[in-house]
Amino acid sequence: MPVKRWLCRSTIPIILLLFMLSGLFISRALLSIASVAFIFLIVLNGRDRPTYKEMLWGCCLILLPVLLSVIWSYDKHNWWRAVEVKVPLLTIGLGLTAIPITRFWWRLIIAYLLLLTVIGSLWSVWQFVSNSNEILQGYLQAKVMPTPFDNDHIRFSWLVVLVIILSLHTLMKGSSKTISTVLYILLGWLIIYLHLLAAKTGLLCLYTAALLFIIHKIFVAKNKIPGIVLTVAFFALPVIAYVNMPSLHNRVQYILYDFSNYSKGVFIPGSSDGARVLSFKAGWQLLTQHPVTGVGFGDLKSAIEQWHQAYYPQSLPSDRFLPLNEWLLYGAASGWMGIIAFTAGIFLLLRTAWSSNIVSKILCLVLIIPLVTDDTLESQFGVVIFIFVLMVTRQLF
């Protein structure tokens, strides 16, 4: 095999993936460089690249409403930012489609990501232990302990769940008893950490994945005992964690307090879920006012700001979120056609990863949840995590 093809197929993809995963934890610049560099995999593979029309169409449909909105967006800087953040969907997705990675290398890459995630969680808990009183008070005010990803606890907790699922399926297979024991300890720690962190997105993803796996074990699998054991753990674990973990206890208390306000139409400045509800209200109103084109991705931030000034001027600048739902965000920025294009794009991408294997189904659903509950694809971390896990799922199942 020529040296260029050997490097392309065996070395460059692995190096890029390792740099990209390291960049998630230590450097946005490294993450950006590695993400864009995947385009060279398509170029280097030349005529031998496989058909990847479905992946290409999926990515293009997600990008198309953003690109077209340049026509009616006045703020070209914010428009370009909306385009730029989604570029890794194309570069990483098409790069890894052009050059599939062997199962052996995927195991090593997932093991490396597991190691990074465990180290990141330990760092997070160390920050908590170092200043526990103040941080616990913060849990009563919509704050959580420091996390990697520049304190983006939503995206980090999401990644933790995805790493748990990938590690359970990929690393446990064929592992020795010693390695399996170490893996169970590490994954057990990550589950405990998710309850300590008490990020709603992470816990929602964790328990949704567990519920689907339990249903599969009880109604599909021949051996029902694991399903019964997991069912007991499913109900017992959150109760035990709530009683014994002050961070989770305080977080639940704040969520209930917040709900008691915004459910009555009372929005307190600094409210976490209250601000989320306001983002839905703003997004829906912008969509109904501009059903064909939306306000444009470049002008979405200013339109949200104007909406708050008109309807909730008492809200804090930090509470004026973009619509925390990707479909609603696309609707507000590019109208109903944008929603249709985005839905078709996500469908095509997930279809490339969907298989008869229950783990692939669980991973696809866990990839979708933060798109429903947050503006995940408007974040560099969110885009990279989404397309990386999609490609892992696509090639392993």
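**Figure 1. The whole chain has the radius of gyration of a compact globule.** In this predicted model, the 397 residues give a radius of gyration of 22 Å, which agrees with the value near 21 Å for a compact globule of that length. Along the principal axes, the C-alpha atoms fill a box of roughly 65 × 55 × 45 Å. The fold is built with 19 helices and zero strands. Buried residues account for 53% of the chain. Take the contacts between residues at least 6 apart in sequence: 74% of them join residues at least 24 apart. On the outside, the chain exposes about 18,200 Å², with carbon and sulfur atoms supplying 70% of that area.

**Figure 2. Met20 and Phe388 have the most contacts inside the largest nonpolar core.** That core counts 120 residues. Helix 19 (residues 380-396) puts in the largest share, twelve residues. As background, nonpolar side chains in soluble globular proteins tend to be buried together. Zoom in on phenylalanine 388 and, leaving aside residues up to four places away in sequence, you'll find it touching Leu17, Met20 and Leu21, along with Trp106, Ile109 and Leu113.

**Figure 3. Six aromatic residues form one cluster.** The members are Phe25, Phe149, Phe156, Trp189, Tyr193 and Phe381. Across the structure, the count of aromatic pairs comes to 20.

**Figure 4. Phenylalanine 234 and phenylalanine 235 pair up edge-to-face.** Their ring centres sit 5.2 Å apart, with 85 degrees between the planes. Which of these two is buried and which is exposed? Phenylalanine 234 counts as buried because its relative accessibility is 18%, under the 20% cut-off. Phenylalanine 235, at 56% relative accessibility, counts as exposed.

**Figure 5. Cysteine 59 is in no disulfide.** In fact, the structure holds zero disulfides. For cysteine 59, the nearest cysteine sulfur belongs to cysteine 60 and is 6.9 Å away, while a disulfide calls for sulfurs within 2.5 Å. Cysteine 59 has 0% relative accessibility, so it counts as buried.

**Figure 6. Cysteine 364 is too far from the closest cysteine sulfur for a bond.** Why is there no bond here? The closest cysteine sulfur is in cysteine 205, and it lies 13 Å from the sulfur of cysteine 364, so the two are too far apart. Cysteine 364 counts as buried too, at 2% relative accessibility.

Technical notes. Residues numbered from 1 in each chain as written. Predicted model: local features only at pLDDT ≥ 70, side-chain atom pairs only at ≥ 80, totals over all residues. Heavy atoms only, no water. Buried < 20%, exposed > 50% of the residue type's maximum accessible area, 1.4 Å probe, protein only. Phe/Tyr/Trp six-rings, centres within 6.5 Å; stacked < 30°, edge-to-face > 60°. Core = buried A, V, L, I, M, F, W, Y, C linked by side-chain atoms within 4.5 Å. Helix = DSSP H or I, 4+ residues; strand = E, 2+ residues; numbered from the N terminus. Contact = heavy atoms within 4.5 Å. Rg over C-alpha atoms; globule rule 2.2 N^0.38 Å. Areas by Shrake-Rupley, 256 points an atom, 1.4 Å probe, with all protein chains shown as cover.
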